[in-house]
Amino acid sequence: MEFIKSNIYEIKKSSSLAILGVALSVAQLFQAYVWMTSTNSPLVFSAQTTSMCWPIFSSCNWAHWASPGIISGIFWLYVIATVLALVFFLFTRAAGVGASLFWVSTLTGFLLYLQDFRLSSNPGFFTFFLSFLFLLIPSKIFSFRWIIFSLYLSQALLKLNSDWLSGGWVLAQFHVPDKFGEWISGLSTLIEFIAPATLLMRDGRYFWSGWLTLFFYHVLLMSVGVHQMSALFLGLLVFLGFADWEERKLEREYIYQSFIRPEPSRIWPAVVLLIFWFCQGSRYFQIFNHEPRLNSSINLLVPYPMTVMEECELLAWKVSKQGWEEFQLEPNTGRAESMVCHPYLQFLDLKSACELSAKESEDFVTIAAIFKSRRSFDSESKIHFQTSNLCDPALQFSNIGQNSWNSKQEH
Amino acid sequence: MEFETRALKWYWTILFVGYVAAVGYLLFKANPYLYSQSTLKSRASSFEEGTVTPQPSPKNQFPLEETPTGLSTWPYLTSGHANIANPEVTRGKSFREIQVANLNPQPPKDAGVVGFDATQVLMLDSENGLASYSIDGSLMWRYKISKDHLTAESPKPYVLMDSALVYLILSKGRIQTIQKTTGRPQWLMELDTDVLSEPWFKENSLIVTTLKDVSAAKNKKTPITELIFLDRSQGTLQKKIDGFENKGPFVQVLAPALKARIFVQGTRVFAINESKLNNAVDILWTVNLPEEAMPQPIVYENLIILTTQGNHLTILDGAKKGQTETEIDLEAEIGAEITPIPLTQRLAYLDKRGTLRVLDYQKGEKAWKYDLSIRGPLRHLWSARLKGAFIQEFDMKWVHKGWTIWSPCGSKQFCIYNPERGQLINRIELSGEPMAQPLVFDRKLIALIKKPGGELAISHQMEPSEIKRLGLSDPSTGSSAE
């Protein structure tokens with residue numbers, strides 16, 4: 001409890017941290033808005049009785065402890081707490097109250113986020129990750145400089161591959177020659193590597209040069225449709241600008257003359273950064289690919305790539321007592337482009353379709369499906385799963401490899 | 001309090017420069033083409049999928065009760081598209097309707113018959129896809145095709161059947177096979193290129209014709225077809241061989257007597273050596289007609305019978321490199337394919353209005369015609385042999401060995417005619433209008449009919465002697481006594 005109080009005290013005493021609170025509250029509101037307006041939403045998933053587990057959980061029946069009504073209530077509590085936190089951070093000096101409200105907002109939002117793996121997204125990950133760091137990690141201004149730099153670096157590392165550097169995403173947004181698309185992709189990677197490093201520098205020339213570069217970079221990304229992530233990072237840049245200005249006013253001496261609240265320790269930011277960088281490095285060098293459970297845990301702290309040059313195909317049939325019917329899943333609005341071919345998400349969507357189809361028709365028996373994908377630089381497709389009885393309750397993604405297409409079934 | 005300096009310490013500057021250099025190195029390592037003319041994207045296109053594979057893979061497919069063999073020739077009775085019944089069998093002239101089985105449930109109004117054999121009837125409609133009914137009228141299974149592959153704009157699917165599987169060939173080379181007895185999908189192959197004509201079987205292969213080089217037309221070259229051989233049971237790709245020049249839509253038919261396969265492509269008719277087809281396309285001869293041929297050539301022994309757009313009949317001799325044997329002007333547009341009547345030098349067809357017209361192709365002239373007042377839509381007819389007793393009874397020529405014309409007539413009948421003089425030999429009464437070419441067995445007929453109330457049903461017709469032999473009850477249908 002003391003730990004939480006000392007963190008709230010640090011927020012109360014710093015106007016730049018209040019700005020950070022505003023930025024993160026806006027990000028939370030953006031997330032709530034996305035959940036309200038898309039089908040990729042906890043409000044939609046809570047109405048389904050089938051649990052869609054995160055990969056690290058062996059089972060997740062606990063995720064449906066609450067009825068859809070309670071989930072809806074929690075969602076509105078989340079929205080109201082976030083709005084109030086924003087108001088308190090922005091318009092009043094009671095940043096401590098704002099921080100307390102932000103605790104409520106973060107906990108309720110994270111509870112909703114955890115409910116279903118299909119809600120996993122880069123904006124969601126960044127929003128809740130940064131929110132918890134804001135609330136829990138001492139020496140916030142110092143740690144956030146490094147954390148923001150680390151987040152940019154993790155994104156940049158994810159761009160060091162042929163999917164991004166071939167320029168496919170840029171060419172999809174702008175009608176430019178292929179080579180130009182490649183250069184823009186390379187340039188954006190360079191910006192995400194180098195500009196954030198200048199945010200660590202005290203020299204105002206380097207700091208503000210990097211700051212302005214990143215500011216215009218995110219404005220450009222926002223103009224081509226990357227709204228949620230750009231809004232989050234613009235908010236963080238605004239915070240960093242204020243933080244730099246605040247430090248220069250020599251407020252630290254005033255803040256840390258208190259004997260009750262000595263200067264916050266910097267060990268915790270170092271620990272968090274170490275863990276974060278361990279995860280990024282493990283993913284980049286694919287160290288733990290042979291350990292699926294550990295790999296899943298590590299991937300919780302690794303953002304998804306912005307784009308993947310990949311083709312995937314889902315062949316699915318609804319099996320009824322009368323026969324087989326080819327069908328296609330409805331596209332899920334709100335899902336990031338790089339996650340469209342995620343095999344686990346496709347599996348979850350099909351499981352959800354099992355439930356809906358059973359309600360629609362008494363004749364419905366099961367769903368049969370084959371899902372395969374091919375990266376642009378691979379010569380062969382990879383079959384991620386194939387089963388003629390996907391609706392079998394015993395069939396989970398973890399054991400789907402043991403189930404083959406022609407397993408004996410009563411069709 | 002830490003006193004701030006504006007300048008960077010020298011070691012931080014070195015670290016920063018080193019960091020930037022490392023970033024540059026990693027960037028060029030991830031994209032070695034960054035500074036060259038070629039692009040990373042072009043490298044991706046060189047990694048095209050090496051081979052197409054069926055889904056699911058062969059080891060995962062459902063087990064088949066029997067190896068797929070043979071071919072259902074329906075709506076024809078022979079592989080050469082000639083509706084000639086078994087020449088070894090002589091039949092009686094009377095048939096009794098021993099069973100009428102309504103299709104249950106009734107298919108939608110727009111359903112069409114796409115397959116018919118001794119075990120089942122396949123119906124295809126735009127809403128429910130493919131439905132299989134057993135010969136007793138009950139629904140065996142349905143297979144609903146995705147709307148993406150069955151739109152109004154997509155080409156009509158080809159449907160083939162053999163002893164074990166139903167083959168659905170849809171747009172963009174999507175080939176779905178379905179087990180005949182269970183309706184479960186067996187294998188799916190996606191060729192990602194349009195199939196140019198109806199595929200055909202050769203031994204254990206399904207041969208599909210596609211375009212080899214899609215960009216040839218853009219480069220002003222005549223595009224070449226490609227023949228893709230797929231294993232019938234598992235869908236695996238056996239081989240691809242270069243085909244022939246693709247000069248437009250074409251149809252093909254097997255000519256067993258010529259050991260060739262005849263292709264008709266607009267005004268061009270050519271024959272390919274069937275025995276060498278496993279390895280290469282060997283064109284035996286090519287003929288150019290003065291006008292475009294209609295789809296579906298008929299092959300009877302060495303003769304290739306074609307009708308053209310100008311309503312002419314042309315008969316080529318396949319044994320003489322496609323030499324034209326006969327040309328006859330047709331008085332009326334044909335309603336369905338012409339049927340040769342063996343040993344009589346006669347060809348018979350129904351025109352669109354339901355008039356039976358018989359030609360003497362040896363003399364190159366019309367023989368006779370007769371308005372059959374056909375009320376139903378069926379315009380297919382076939383030829384079959386009658387027993388010797390009827391040759392004598394109806395004063396037919398013994399040299400014709402009893403070959404007669406069997407045709408829909410009136411509203412709910414089949415009629416048998418003497419091809420020589422057009423004499424009516426007998427009528428076969430049905431409970432409804434025949435809707436499709438019936439299955440003709442040695443002693444029975446199975447026909448899809450539409451009853452007066454509009455229901456589709458399967459009519460089982462049998463010769464009285466066969467009814468008696470099998471000990472079945474003989475319903476009185478009012479047909480002429482023998």
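Helix α6 of chain A, in this predicted model, covers residues 122–136; helices are DSSP runs of H or I with at least four residues, numbered from the N terminus. Its 15 residues reach 21 Å from the first C-alpha to the last, close to the 21 Å expected at 1.5 Å a residue, where the expected span is 1.5 Å times one less than the number of residues. Of these 15 residues, 13 are buried, so α6(A) is largely enclosed by the rest of the structure; buried means under 20% relative accessible area with a 1.4 Å probe, protein chains only. At the N-terminal end of α6(A), A:S121 acts as a cap, with a side-chain oxygen 3.2 Å from the backbone nitrogen of A:G124.

The largest nonpolar core (buried Ala, Val, Leu, Ile, Met, Phe, Trp, Tyr and Cys residues joined through side-chain atoms within 4.5 Å) holds 107 residues, and A:F89 and A:F134 are among those that touch the most other members. Helix α7 of chain A, residues 140–158, gives the most to this core, with 10 residues. Apart from it lies another core of 30 residues, including B:I315 and B:Y349.

In chain B, B:E463 lies in the loop between β34 (456–462) and α4 (464–470). B:E463 is buried, with a relative accessible area of 2%, and its side chain reaches the backbone nitrogen of B:G92 at 3.2 Å.

Residues are numbered from 1 along each chain as its sequence is written, and chains are lettered from A in the order in which they are written. Local features need pLDDT of at least 70, side-chain atom pairs count only at pLDDT 80 or more, totals for chains, interfaces and linings use all residues, and side-chain values use heavy atoms, with hydrogens and water left out.

Methods:
Helix = DSSP H or I, 4+ residues; strand = E, 2+ residues; numbered from the N terminus. Buried < 20%, exposed > 50% of the residue type's maximum accessible area, 1.4 Å probe, protein only. Polar contact = N/O pair within 3.5 Å; in protein donor to acceptor, adjacent residues only side chain to side chain.
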